[in-house]
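Here are my notes on the model, written as a short walk through it. Keep the viewer open and find each piece as you read.

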Amino acid sequence: MLGKGVVGGGGGTKAPKPSFVSYVRPEEIHTNEKEVTEKEVTLHLLPGEQLLCEASTVLKYVQEDSCQRGIYGKLVCTDFKIAFLGDDESALDNDETQFKNKVIGENDITLHCVDQIYGVFDEKKKPLFGQLKKYPEKLIIHCKDLRVFHFGLRYTKEEEVKRIVSGIIHHTQAPKLLKRLFLFSYATAAQNNTATDPKNHTVMFDTLKDWCWELERTKGNVKYKAVSVNEGYKVSDRLPAYFVVPTPLPEEDVRCFQGRGIPIWCWSCHNGCALLKMSALPKEQDDGLLQIQKSFLDGIYKTVHRPPYEIVKTEDLSSNFLSLQDIQTAYSKFKQLFLIDNSTEFWDTDIKWFSLLESSSWLDIIRRCLKKAIEITECLEAQNMNVLLLEENASDLCCLLSSLVQVMMDPHCRTRVGFQSLVQKEWIMGGHCFLDRCNHLRQSDKEEVPVFLLFLDCVWQLAHQHPPAFDFTETYLTVLSDSLYIPIFSTFFFNSPHQKDTNMGRESQDTQSKPLNLLTVWDWSVQFEPKAQMLLKNPLYVEKPKLDKGQRKGTRFKHQRQLSLPLTQSKSSPKRGFFREETDHLIKNLLGKRISKLINSSDELQDNFREFYESWHSKPTDYHGLLLPHIEGPEIKVWAQRYLRWIPEAQILGGGRVATMSKLLEMMEEVEHLQEKIDERHHSQGALPAEAPSLLRSSARLSSLFPFALLQRHSSKPVLPTSGWKALGDEEDLAKREDEFVDLGDV
């Protein structure tokens, strides 16, 4: 019973160390060996998955308990995952409220999801690398999804300890070749078993037809055209096979510098303005080559910056915005707040949590990204200007900002299919280096930068502030971030479309070899049952109202997205060509030379931004129009569900936003039930009511971090440390202060 009633040390006070020592090996306690074997969970292998090493009698510690409690079982390592197989005895296994992933179990860690490995030697925690001379008595694994696993090896045979520890270190930390990824083993073994979801209408943008469809949808086909000049990747292996450029631009110009220095279309606004991106020309020292580049750019501008095109505002992201190093450093500090080993460490960190959060600068980086996206939106919407995003390879911050702007301005991108199509267009086809940025091959830690996670966090801020505007939930964003590390989907495991097609055999000259067919992450039926998928859809999403013929005729000239625009005086679009000063500015940036002045003063830009921002927020929100986030200090919050979901002390039973959602769904069901009765009285067959997630409705007391908190054993400890109770006063005050604690993750 030791440890059952132990209250975790609070306020910096450490829990007393257990004094009882057992000299009996765990297997000697059981008299019936067959009974123990029967209770063990069997190892489920995916097609192509192979067992590499294993160890028996491993103790998986209960994370929230600083005492030596846990579950005995077997620790295995395959070429896909690390898995713990034990007699969990958890009642959640048969619970209908379980939110299960069919690919990754509760005690599974994909090899790509391992962040750091530590060993405990004589109660001292040390990072583990390479070959070990001495093997630890305890193994601690920190995951990229912020889970923390503790495995005790004290009662494991010495040879098994060496095999499992060495195997895990090698297969998670040693540099890999691309072809050695489990992705290819799975694709080969499951060649005839890669069924796709017929209801998945995500646009993949891997055909010319997809780009033409997007041009037509955004009314951008008047000024821009889809080209196939890079078909077969003859021009550039960075660019997709098909993309969109301004209509007057000759295709020969695209070939000159392998697609660099070419304005590539991202999206068109309802007023005709467009969001463009451009990768910088290579930096040259030779004056002759510089002159050639300058002449080339002059030709581009003479072709593009004449009527009917608008003035172009250039955003040089390489020198006037965040650096990848800033993002990497901030997240490295930020994630340490959530990689908690035990309750004592949690409460020790809690005392200085706000100062640590601020010093990480992660929330400030989110704020800067949202602010820059609003500035770009203001140029497109209020000033009728084209915006050109400039970056060295146009594959990191360009992807981030172009996607954010479209989420804010285009309601289609706030539907699930629209959002998935956006990620395909701007990130996958846009050439974001997922292989390097996620460090899937373990070849360079310096290249590992969570740019895509930063984008999802920014989208979460918008969805958190405007829930009815989004067709998907925060759970959708969370499982999407988790899918970055599941190597059975090709979506996030290549640096470019060219790299993917080359390695999948689609460019092979051998007609007998059949190209591999990989799964896409957008087929959610691979990971979740239909019941669990209901939690990815937002029941509070406000559908776009359908106008009748009379209304549609009267408002045909006005785009739906204009309904929520601020009533600021918009500048007419100058169509007399392009300012020479701005041309020179862009050329100097493209040639790698800094200049300090923009065509507009920073004060004027700041005033325009503030007027646009405040005017929009002063009016009622149209959830199918322009959508701007609040970016003031308290409004940028921690994404609690993703970052705090594995910490039991951060959960509140029956609290948080999920409790509000549950009540709203109950009201929705009552309204739908009444509507059915009314329809019955009028003998009319009404439309079937929208089904609310049954997982959410069936739970009487939900955790604030639902649905992931259901995978945890709830701690027997109080939510607050005992040392803090005395300062809380009477029971009424205690309830109020516990509510304040709930919002700690929503800072």
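**Notes on the fold**

1. Let's begin with one pair of strands. Strand E2 (residues 70–78) and strand E3 (residues 81–86) run antiparallel and are joined by five bridges. If you want a spot to zoom in on, take Val76, which sits opposite Ala83 in E3. Keep in mind that everything here is a predicted model.

2. Now zoom out to the sheet this pair belongs to. Eight strands make an open sheet with antiparallel pairing, in the order E4-E3-E2-E1-E8-E7-E5-E6. What do strands E4 (108–110) and E6 (124–127) have in common? Both stand at the edges with a single partner strand each, so one side of each has no neighbour in the sheet. On average, neighbouring strands in this sheet are turned by 30° against each other, ignoring direction.

3. Strand E7 deserves a closer look. Is E7 largely enclosed or left open by the rest of the structure? Six of its six residues are buried, so E7 is largely enclosed. Its side chains go two ways: Lys138, Ile140 and His142 point to one side, while Leu139, Ile141 and Cys143 point to the other, and all are buried. Notice that Lys138 and His142 are on that buried list too.

4. Next, the partners of E7. With E5, the strand runs antiparallel and shares six bridges; there, His142 of E7 is the bridge partner of Gln116. With strand E8 (residues 148–152), E7 is again antiparallel, this time over five bridges, and Ile140 stands opposite His150 in E8. The hairpin of E7 and E8 has four residues between the strands, and Leu146 in this hairpin takes a positive phi near 75°.

5. What lies across the sheet strands E1 (51–61), E2, E3, E5 (114–121) and E7 (138–143)? That is helix H3 (residues 158–173), which runs at about 110° to E1. Try turning the model until you look along E1, and you should be able to pick out H3 crossing at that angle.

6. On to helix H5 (residues 208–217), a good place to practise telling one face of a helix from another. The buried residues of H5 are Asp210, Trp211, Glu214 and Leu215. Seen down the helix axis, these buried residues fall within an arc of 140°, so they line one face of H5. The face turned away from that buried side carries Lys209 and Glu216, which are exposed.

7. What do the buried residues of H5 pack against? Their partners are strand E9 (224–227), strand E10 (243–246), strand E11 (264–268) and helix H13 (416–428). Just after H5 ends, Lys219 has a positive phi of about 60°.

8. Here is a helix pair to compare. Helix H8 (residues 324–335) packs with helix H10 (residues 353–360) at an angle of about 165°, and their axes are 8 Å apart. The two helices are therefore roughly antiparallel, and H8 passes H10 in a left-handed crossing. In this pair, Ala330, Lys333 and Phe334 of H8 meet Leu357, Ser359 and Ser360 of H10.

9. A few backbone details are worth checking by eye. Tyr233 is a residue other than glycine with a positive phi, near 55°, and it lies in the loop between E9 and E10. Tyr233 has 12% relative accessibility, so it counts as buried, the cut-off being under 20%. Arg442 also has a positive phi near 55°, and its place is in the loop between helix H14 (434–437) and helix H15 (451–465). Arg442 is buried as well, with a relative accessible area of 14%.

10. One peptide bond to look up: Phe706 and Pro707 are joined by a cis bond, with omega about 5°. You'll find Pro707 in the loop between helix H24 (694–697) and helix H25 (731–742).

11. Last, the whole protein. It has 25 helices and 14 strands, and 54% of its 747 residues count as buried. Among contacts with a separation of 6 or more, 75% are between residues 24 or more positions apart.

Terms used. Residues numbered from 1 in each chain as written. Predicted model: local features only at pLDDT ≥ 70, side-chain atom pairs only at ≥ 80, totals over all residues. Heavy atoms only, no water. Pairing = 2+ DSSP bridges. Axes fitted to C-alpha atoms, helices over the stretch in contact; angles between N-to-C directions. Contact = heavy atoms within 4.5 Å. Buried < 20%, exposed > 50% of the residue type's maximum accessible area, 1.4 Å probe, protein only. Arc of directions from axis to C-beta. Parallel < 35°, antiparallel > 145°, perpendicular 65-115°, else oblique. Left-handed = near helix turned anticlockwise from the far one by under 90°.
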